[in-house]
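Notebook open, coffee poured. I'm going through this one piece by piece and jotting down what I look up as I go.

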Amino acid sequence: MIKLPRAFLSHSSTDKAVVGEVAKILGRAAVIYDAFEFSAGDQFRDAILKGLERSDIFVLFASSKALQRDWVKFEISSASEALTKQALSRVVTYIIDPDLNLNDIPDWMKSTLIVKQTQPGLIATDIRRMINRRVADRTPTYFVGRRNEMEQALGILSEFTSPEFRPPLLVYGLGGIGRRSLVQIIGRDHLSFSNTLPVVLRSGDLLPEAFVRLSEAISPRAIPDYKAAIADQEAKSDGEQIQQILDLLRSVCDARTLPVLVDEGAMATPNGVLRPEFEQIYDAIALNRDVDAMIVTRRRLYGAGGKSLPSLRVPELDQSSTQNLLRIAGRDVGLSFEREALTALATYTRGYPPAVKFALDEARTRGVAQVVANQRALVNFSAELFLRQLKQERSLTPTMVTTLQLLSGFSPLPMPVIAEYCEISSEQASSDVDHLLDLAFILPDGLHYRITEPLRDAAYRAFDGLFINSVRVADLLEVYLANEPDDDARLNLGQAIFRASLLAGVKSKSKFAVGFAADLIQVATQSYHDQDYDLAIRYGMSALEARPDNVDVRRYVAQALIRKERYNEAEDHITALVNLGELKEAFYIRGFAARRRRNHQEAIDAYKKSLAYGRSGVAIYRELASSYFELGDLAEAESHIRAAEERSPHNRYVVDLRCTIALRLGDLATAERTLDVLERVDPSGFADHRRSTVEQARGDSDSTSFRSFGFTEDPSPTVRGDGKSC
C-alpha cells in the first residue's frame, strides 16, 4: 500500500498565523498539523508520536517562543530519534523570527537545512517540492550522456556577461527526451538554483492566464477567485500585466528556485514565432538583473522577424550513452546484458529514453533474447507497443482498467476520486495504483496521479474506446474540493470539472469550476475526436470568440462543419486561415472538403499546395493516397501511403489503407504484413473483415480488384460525456 510523504509541522501556538497559512496552502493530505490531526481529549504526547510515525519530513518553524515550548522540545527530540532510525527522510528549519540567533537552534539541527523565510507561500512551495521529490522517488530517473549539451549550455550562458542583459535559454526537443531534467541540472550547476518551478502554458493562454498559472504554481491559495483574477488582469494594460508577472518570477528566484516556462502551444504561432505579448515577457526577463528563467518547448522558437534566440536542442542519446542508460536502469530492475545484446538494444531504441524504458519492461517480461530478436518492434517504437503491453498484461483487474480509462480522459486526479469513481475502498484503490505505478502505466504528479503520456494515446485502442462518465467525474471532483478546498492542485481540478461538464453537454454550476480559453480549445478538439461534431462546433466557436487567431481550434471547427456538410460556413474559416497567413492549413482543409464531396482531383491539387506551403505529417500523405486510390492511380497511391507508413507505422487507418492498396496491386506479401500489424492495433474487429479479404485474394487473383475501405478517416475516439465509447 502506498504511503504518501507528509510533513510534520512543529511550531508554537503563538506562530499560528504563519504556520496555519502554510498548512492551508499544502492541504490536509500533505501535512501533519495539530489543527487538522489532533482532537480534543487526545493524549498530546501519543498524538505527536503517531503523527511523526506517519511523517516523512520534519519541519520546525523556529522562533524564540517556539524553542522555549516544552512540546516543541519534545517534538525536536522525537524527530532526532526518528532521523537516527531513518524513519524520517529529512529535517528542515524555517526561521520565522527575525530576532532569533542561529546559535539558538539545537546543535544536531545545525547540520540540516536551515532557511530564513517568513512568507507562508514561499515556505509552502519549498515544502511541497520536498514532498513531490519524495513521491517521484518511486519512479527512478537517470541522467546520462548529456555532457555535450551541458557544455553547449555553459557556452551559450557565458556569452551574456553583462547582468543588464541575460535572455532566457530556450531548451527544445521531443517530449520525454529529457528536456526538464537537463534544465534542472543547468539551473543547479551553472546558475546556482537548487530547485526548478515548472509553469505549463497551454494553447490559448495569454498574459492573464500566465499570471494565474504562475501565481498558482508559487502558492495555490494566492488567488481565491480565478475568474475574478482573469477579469482583473484583462482590464490592465499589457505593460502592467508583464510587470506583475516579472514580480512573481523575481519572488521565485529569490527563493533559490529557477522558473521554467513549459510551452504547450501558448507562447508562439504554429510557425514558431513568439507571440508579441510573450516576446515582451522574454525581453523583460532578459533586461532584469534579478530574474532568471528558462523556456522548455517541443520546437525551436524565434523572435519577431525570425530573430534568433539562444536555444539548445536536446537530441536523442548517442550509442554509448544509450548503452550506459540501459546498463544502469537495467541493473536497478535486476537485468544484466551481454555486450552483443546491449549493443543491439541501444541501436534499435535509437537513443530515445521512453523506448529504452519500453525495452527494459519487455526484457523483464519476455527475456532479453526475445526482445533483441524482435528488432522491428524496437525500431517502430510507438503507442502501439504500449497497446500490446496493455492487452497482454494479465495482471490488470477490471478496476485497474477503469482507473486507466479514467486517467486517460482526466489527469491528474487525487486518490479519493479514483476510489469513488471505481466504487472501491481507499485501500483497494491504493493497491491498484501501486500496481499501476510498478508497471509504469501511471506516474505520481505531486500528491495525485496521471497516466503515462505514451499510454494515453494507446488506452482507447486497447479498451475499444473509453467508457468515462464525465458527469460523475465532475460530481466527484466537486465533492472532493468541497472537502479539500486547499488542495494544491485546485486550479487543475477546477479546470477538469469545467471540461468534464462541457463534454457531458452541460454548463457547470460548480463554484470550483474554472474555464480558460485553453479549456474550451481542449474540449472542442476532444469533441471532434469523439465524433461529436455539434459540440466541437459549439465549443470551438466559443473558443474562437476569445482566441480568433488560434489555428488549431479553427481547423477543427472547419473540419467539423465539413463533416456536417456545412461547406459554406467552413469556407469562411478557411478564408480566415488564409488571412492569418496559415496557407498550409487552409489548403489542407480545402482538400479535406473536396475529398468529402468526392472531388478527388480537386482534393489532390489542394493537398499538394498544402505540402508546398510546409504541411507535413501522416495525415496529408494518407489523404493523398486515398484520393489517388479513388482515381485509380495506384502508383501514386502507393507512393504516398508509404510516406504515411514511414511516419506512423502503427496508425490503424494508414495500415488498413496500405493493406487495401497492396491487395489492389496483387502484392499479397505486403498485404499479409500489414494485416498482422492491423490485427494488433485495431480492437474493433475490422481486422477480421480485412483478413477475409486477404484470404479471398490469396485464393482468387481476380479478387485483388476488391475495392473496400475500412479506416479512411481518423476520428481517434476518446471520451463521450455520457460514458459511451465512439
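**Entry 1: a proline loop.** I started at P412, which sits in the loop between α18 (398–409) and α19 (415–422). The peptide bond joining S411 and P412 is cis, with omega at about -5 degrees. Note to self: this is a predicted model, and every number below is computed from it.

**Entry 2: confidence.** Before going further I checked the pLDDT. The chain averages 83, and 85% of its residues reach 70 or more. Residues 379–383 fall below 50, and that stretch has 15 contacts in the model beyond near neighbours in sequence. Residues 701–726 also stay under 50. For that second stretch I find 93 contacts beyond four places in sequence.

**Entry 3: positive phi.** Which non-glycine residues did I note with a positive phi? One is R256, at about 60 degrees. R256 belongs to the loop between α10 (238–254) and β8 (257–264). Its relative accessible area is 32%, so I log R256 as partly exposed. Another is R598, where phi is about 65 degrees. R598 is placed in the loop between α28 (583–596) and α29 (600–612). With a relative accessible area of 55%, R598 goes down as exposed.

**Entry 4: the open sheet.** Next I traced a sheet of 5 strands. It is open, its pairing is parallel, and the order reads β2-β1-β3-β4-β5. On the edges I have β2 (31–32) and β5 (113–116), each of which pairs on one side only. As a reminder, strands of a sheet pair through backbone hydrogen bonds, either parallel or antiparallel.

I then went through the pairings with their bridges:

- β1 (residues 7–10) pairs with β2 in the parallel sense over 2 bridges, and A7 stands opposite V31 of β2.
- β1 also pairs with β3, again parallel, over 4 bridges; here S10 has L60 of β3 as its bridge partner.
- β3 runs parallel to β4 (residues 90–95), and 6 bridges join them. L60 turns up again in this pairing, with T93 of β4 as its bridge partner.

**Entry 5: inside β3.** Is β3 enclosed or open to the outside? I counted 6 of the 6 residues in β3 (residues 57–62) as buried, so the strand is largely enclosed by the rest of the structure. In a regular strand the side chains alternate between the two faces of the sheet. For β3, I57, V59 and F61 point one way, while F58, L60 and A62 point the other way. All of these are buried, whichever way they point.

**Entry 6: a hairpin.** For an antiparallel case I went to β11 (residues 442–445) and β12 (residues 448–451), which are joined by 4 bridges. I442 has I451 in β12 as its bridge partner. The hairpin leaves 2 residues between the strands, and G446 takes a positive phi near 65 degrees.

**Entry 7: cavities.** How many cavities of 30 Å³ or more are there? My count is 2. The largest has a volume of about 70 Å³. I wrote down its lining in full: V199, L201, A210, L214, I245, L249, L261, F278 and I281. Sorting that lining by element, β7 (195–202), α8 (207–218), α10 and α11 (276–286) each supply at least two residues. I'd met α10 already, at one end of the R256 loop.

**Entry 8: cysteines.** A disulfide is a covalent bond between the sulfur atoms of two cysteines. I searched the whole structure and found 0 of them. I looked up two cysteines anyway. C253 has 11% relative accessibility, so I count it as buried. C659 is at 0% and therefore also buried.

**Entry 9: a helix residue.** Last stop was A346, in helix α13 (residues 339–349). Buried or exposed? The relative accessibility of A346 is 2%, and the cut-off for buried is under 20%, so A346 counts as buried. I also looked at A346 against L325: they are 21 residues apart in sequence, and their C-alpha atoms are 8.9 Å apart in space.

Definitions and conventions
Residues are numbered from 1 along each chain as its sequence is written. This is a predicted model: local features need pLDDT of at least 70, side-chain atom pairs count only at pLDDT 80 or more; totals for chains, interfaces and linings use all residues. Side-chain values use heavy atoms; hydrogens and water are left out. Two strands pair if DSSP finds at least two bridges between them. pLDDT is the predictor's confidence in each residue, from 0 to 100. Contact means heavy atoms within 4.5 Å. Buried means under 20% relative accessible area, exposed over 50%, partly exposed in between (1.4 Å probe, protein chains only). A disulfide is a pair of cysteine sulfur atoms within 2.5 Å. On a 1 Å grid over the protein atoms alone, a cavity is a set of points where a 1.4 Å probe fits but cannot get out, and a pocket is an open set with protein on both sides within 12 Å along at least five of seven lines; lining residues have an atom within 4 Å of a point. Grid points are joined across faces, edges and corners, and a volume is the space filled by probe spheres set on the points.
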